[in-house]
Amino acid sequence: MEDKTFILAFDQGTTSSRAILFDRAGRIHSIAQKEFTQIYPKPGWVEHDPMEIWGTQSGVAREVLEKAAVSPQQVAAIGITNQRETTVVWERATGKPIYNAIVWQDRRTADICDQLKADGYADAIREKTGLVIDAYFSGTKIKWILDHVEGARDRAERGELLFGTIDTWLVWNLTRGKVHVTDYTNASRTMLFNIHTLDWDDELLHLLGIPRAMLPEVRSSSEVYGHTDEHTFGGANIPIAGIAGDQQAALFGQTCFEPGMVKNTYGTGCFMLMNTGEKPVASPSGLLTTIAWGLDGKVTYALEGSVFIAGAAIQWLRDGLRFFDAAADSEYFASKVEDTGGVYVVPAFAGLGAPYWDMYARGAIFGLTRGTRKEHIIRATLESLAYQTKDILDAMQRDSGIELKSLRVDGGAVANNLLMQFQADILGVPVERPRITESTALGAAYLAGLAVGFWSKEEIAQSVEVERRFEPQMDAETRARLYRGWQRAVERTMGWAEEGD
Ligand SMILES: Nc1ncnc2c1ncn2[C@@H]1O[C@H](COP(=O)(O)OP(=O)(O)O)[C@@H](O)[C@H]1O
Ligand SMILES: O=P(O)(O)OC[C@H](O)CO
């Protein structure tokens, strides 16, 4: 009899909610996606409506099943992967958020971070959490909500309020308030979790005034956490069996199971992760030490370089500057010119992440002349994704002592062939694009499928296929000259917002 069961992956990203059905061969059977509202209340602030996140995510889940004529009973398990760090606080009794979700890109807590640094906590936080003090992570966002929503801290202390990253929020809603959990990968992005003892850290909780009672239980990335409530999915109690932050899920989806293996994801931001095995590796170059996954009673660690603005810069060209109607058109326009004509775009719209960690850097365009056309700016914006990736890869090779032979890529923007070729050129190593570029969702599906015995690890390890390999064609001198220009441009954007009024 034909096997008609599937794994359903929820990929709750920064700009859209996606639901993907994977068949037993690990192929995409059907996909549904919906963008949702980005809320920018003030410069540097970014919020999402948690109810819209839940609404779009449950909506696309229903849609993907309907579209494929698959019943909820045919779903063997659900795997969840999510934009990380984004912070929701809600009422335990009603499930109602007390404030919008504060998104990972949000910079409003920069001053709290400055204070932590001034008070000398940088080394201790880095040692315990593997992170650099930055507004990026959840801890200061929770503090901000507790400080600014009336009565919130008292209510949190009484156990009336719950915190969750988006995985936790989705599981809470899928189980109708029965399960309050997260996994190691998401916990490791809060700046509250000790990645060595694998527990919330009381000293950090005290420092930020966050009651332990509001934190979720931390579990592995592949196990049954609970089941969907029958009202959520047409009468079915589907096991929720995998959770991982989206970048870690992509590392798993690209089957980077061995130490030294690296992937780079080009979505809203760009995130490069290297599997470093069972020992956390500290980074003198400003990379993060983070948890890759918890599986089979063991934790695997990773080094990560996070770039805040990548595909989001292409969205800015589309929506802010109205240069084209669809992100994919960027390739067409960029290919109309030979090169950028000396233009560099530094998309530091939300400060700069690794390896610079400057919350006050802001975006800029350099090298404009009377001859500059919009095509040059589009091309330079695309190239900025590749330059930011080179910044990270250089740091990663330095810190790990491993020289990369090729780079595995995924995410929405890897559809852009011009970008991929430039990436190979500027790195001087081949870039490999897999057949399934939805590695994030695939990773979540794998984690869920492993937990319920749908796949074995051996089956998964054999499943990745390279669709196209981009070989470097640029000569070393041009590469070095172009990269020097980028470094000069970055330098000039740093500290911009700090020096202003
Ligand atoms: N052909 C393309 N060229 C360049 N950028 C693209 C292209 N297609 C999509 N993008 C960019 O990729 C991002 C979407 O990728 P995705 O992996 O879906 O992101 P996320 O998971 O962060 O929402 C958007 O920011 C979009 O601007
Ligand atoms: O939504 P994405 O895919 O850009 O990922 C966001 C990251 O998880 C933020 O750390």
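This briefing describes a six-stranded sheet, two sets of annotated binding-site residues and some backbone features of one protein chain. The structure is a predicted model, in which local features need pLDDT of at least 70 and side-chain atom pairs count only at pLDDT 80 or more, while totals for chains, interfaces and linings use all residues. Residues are numbered from 1 along each chain as its sequence is written, chains are lettered from A and ligands numbered from 1 in the order in which they are written, and side-chain values use heavy atoms, with hydrogens and water left out.

**The open sheet**

- Helices (H or I, at least four residues) and strands (E, at least two) are DSSP runs numbered from the N terminus, and two strands pair if DSSP finds at least two bridges between them.
- An open sheet of 6 strands follows the order S3-S2-S1-S5-S14-S13, and its pairing is mixed.
- Its edge strands, each pairing on one side only, are S3 (28-35) and S13 (222-227).
- On average, neighbouring strands of this sheet are turned by 25 degrees against each other, with direction ignored; axes are lines fitted to C-alpha atoms, for helices over the stretch in contact, and angles run from 0 to 180 degrees between N-to-C directions.
- Strands S1 and S5 pair in the parallel sense over 7 bridges, and phenylalanine 6 stands opposite valine 75 in S5.
- Strand S5 also runs parallel to S14 (residues 239-245), to which 5 bridges join it, and threonine 81 has alanine 244 in S14 as its bridge partner.
- Strands S1 and S2 (residues 16-22) pair in the antiparallel sense over 6 bridges, a hairpin joins them through 3 residues, and glutamine 12 has serine 17 in S2 as its bridge partner.

**The covering of strand S1**

- Buried means under 20% relative accessible area, exposed means over 50%, and partly exposed lies in between (1.4 Å probe, protein chains only).
- Strand S1 is mostly covered, with 7 of its 7 residues buried.
- Phe6, Leu8, Phe10 and Gln12 point one way from S1, whereas Ile7, Ala9 and Asp11 point the other way, and all are buried.
- Helix H6 lies across S1 (6-12), S5, S13 and S14, and runs at about 145 degrees to S5.

**First group of annotated residues**

- In an unreviewed entry, UniProt lists Thr14, Arg84, Glu85, Tyr136 and Asp246 under "binding site"; the positions are given in the numbering used here, feature names are shortened, and annotations may be inferred rather than shown by experiment.
- Of these residues, Thr14, Arg84, Glu85, Tyr136 and Asp246 are included in the lining of the largest pocket.
- On a 1 Å grid over the protein atoms alone, a cavity is a set of points where a 1.4 Å probe fits but cannot get out, a pocket is an open set with protein on both sides within 12 Å along at least five of seven lines, and lining residues have an atom within 4 Å of a point.
- Arginine 84 is placed in the loop between S5 (75-82) and S6 (88-91), and counts as buried because its relative accessible area is 2%.
- Tyrosine 136, in the loop between H3 (122-129) and H4 (138-148), counts as buried because its relative accessibility is 0%.
- The side chains of tyrosine 136 and arginine 84 make a polar contact (3.2 Å), that is, a pair of N or O atoms within 3.5 Å, where within protein one must be able to donate a hydrogen and the other to accept it, and residues adjacent in sequence count only if both atoms are side-chain atoms.

**Second group of annotated residues**

- The unreviewed UniProt entry also lists Thr14, Thr15, Ser16, Thr268, Gly311, Gln315 and Gly412 under "binding site".
- Although these residues are spread over 399 residues of sequence, they cluster in space, with a largest C-alpha distance of 12.8 Å.
- Threonine 15 lies in the loop between S1 and S2, and, leaving aside residues up to four places away in sequence, its contacts (heavy atoms within 4.5 Å) include Thr268 and Gln315.

**Backbone features**

- Most residues other than glycine have a negative phi, and most peptide bonds are trans.
- The peptide bond from alanine 354 to proline 355 is cis, with omega near -5 degrees.
- Arginine 176 has a positive phi near 50 degrees, and arginine 322 has a positive phi of about 55 degrees.
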